Amino acid sequence: MTQKIVIIVHAAPYGSERCLSALRVATALAGHDARPEVKVFLMSDATVVGLPNQHDGTGPGLQAMVETLVAEGVTIRLCRTCALARGLAELTLINGVSIGTLPELADWTLTADKVLTF
């Protein structure tokens, strides 16, 4: 049976390494031999990660990590309420990233084997 893992990220993408760490863990899980089902829900300031074309001067950056996760089959959602509060809901998102809802996160949580928060 496939293990289901939900990762909830609240941390802003820049200023600390928590968001980067969350994406690194998601990448390691998605590429693991056990092939768990990984889902990532971005809340609060982490919703900014879903926007394309951000460059922090350190290389391919977070967008490349998000694109790799999407290519690996990881579901990535932005909290709708959080995105609306930040004016992001109508903006173009990285391909494969979409707006999600708290009821959706509740469903993910209830069916998950593990929930990690950053």
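**Entry 1: β2 against β3.** I started at K39, which stands opposite T75 in β3. This is a predicted model, so I am reading every position here as computed. Strands β2 and β3 pair in the parallel sense, and I find four bridges between them.

**Entry 2: β3 itself.** How much of strand β3 is buried? I went through residues 75-79 and found four of the five buried, so the strand is largely enclosed by the rest of the structure. On to its pairing with β4: parallel again, over four bridges. The contact point I noted is I76, standing opposite V97 in β4. I also followed the chain from β3 through helix α3 (residues 80-85) to β4, and the three make a right-handed β-α-β unit.

**Entry 3: the whole sheet.** Next I wanted the strand order. Five strands form an open sheet, and it reads β4-β3-β2-β1-β5, with parallel pairing. Which strands sit at the edges? They are β4 (97-100) and β5 (114-117), each of which pairs on one side only. I looked up the twist too: neighbouring strands of this sheet are turned by 25 degrees against each other on average, direction ignored.

**Entry 4: the β1 end.** Strand β1 (residues 4-9) is joined to β5 by four bridges, and the two run parallel. Here I picked out I8, which stands opposite T117 in β5. Then I checked what lies over this part. Helix α1 (residues 18-30) lies across β1, β2 and β5. Its direction runs at about 165 degrees to β1.

**Entry 5: aromatic rings.** How many aromatic pairs does the model hold? The count comes to one. The partners are F41 and W108, with 5.8 Å centre to centre and 90 degrees between the planes. I need the cut-off here: planes over 60 degrees apart count as edge-to-face, so that is the label this pair gets. Where in the chain do the two rings come from? F41 is in strand β2 (residues 37-42) and W108 in helix α4 (residues 102-111). They are 67 residues apart, so I wrote this down as a link between distant parts of the chain. Buried or exposed? I checked both residues: F41 is buried, and W108 is buried as well.

**Entry 6: back to β2.** Putting my notes on this strand together, β2 pairs with β3, has helix α1 lying across it, and carries F41 of the aromatic pair.

Methods:
Residues are numbered from 1 along each chain as its sequence is written. This is a predicted model: local features need pLDDT of at least 70, side-chain atom pairs count only at pLDDT 80 or more; totals for chains, interfaces and linings use all residues. Side-chain values use heavy atoms; hydrogens and water are left out. Rings of Phe, Tyr and Trp (its six-membered ring) pair if their centres lie within 6.5 Å; planes under 30 degrees apart count as stacked, over 60 as edge-to-face and the rest as tilted. Buried means under 20% relative accessible area, exposed over 50%, partly exposed in between (1.4 Å probe, protein chains only). Two strands pair if DSSP finds at least two bridges between them. Axes are lines fitted to C-alpha atoms, for helices over the stretch in contact, and angles run from 0 to 180 degrees between N-to-C directions. Contact means heavy atoms within 4.5 Å. A crossover is right-handed if, with the strands pointing away from the viewer, the path from the first strand over the helix to the second runs clockwise.
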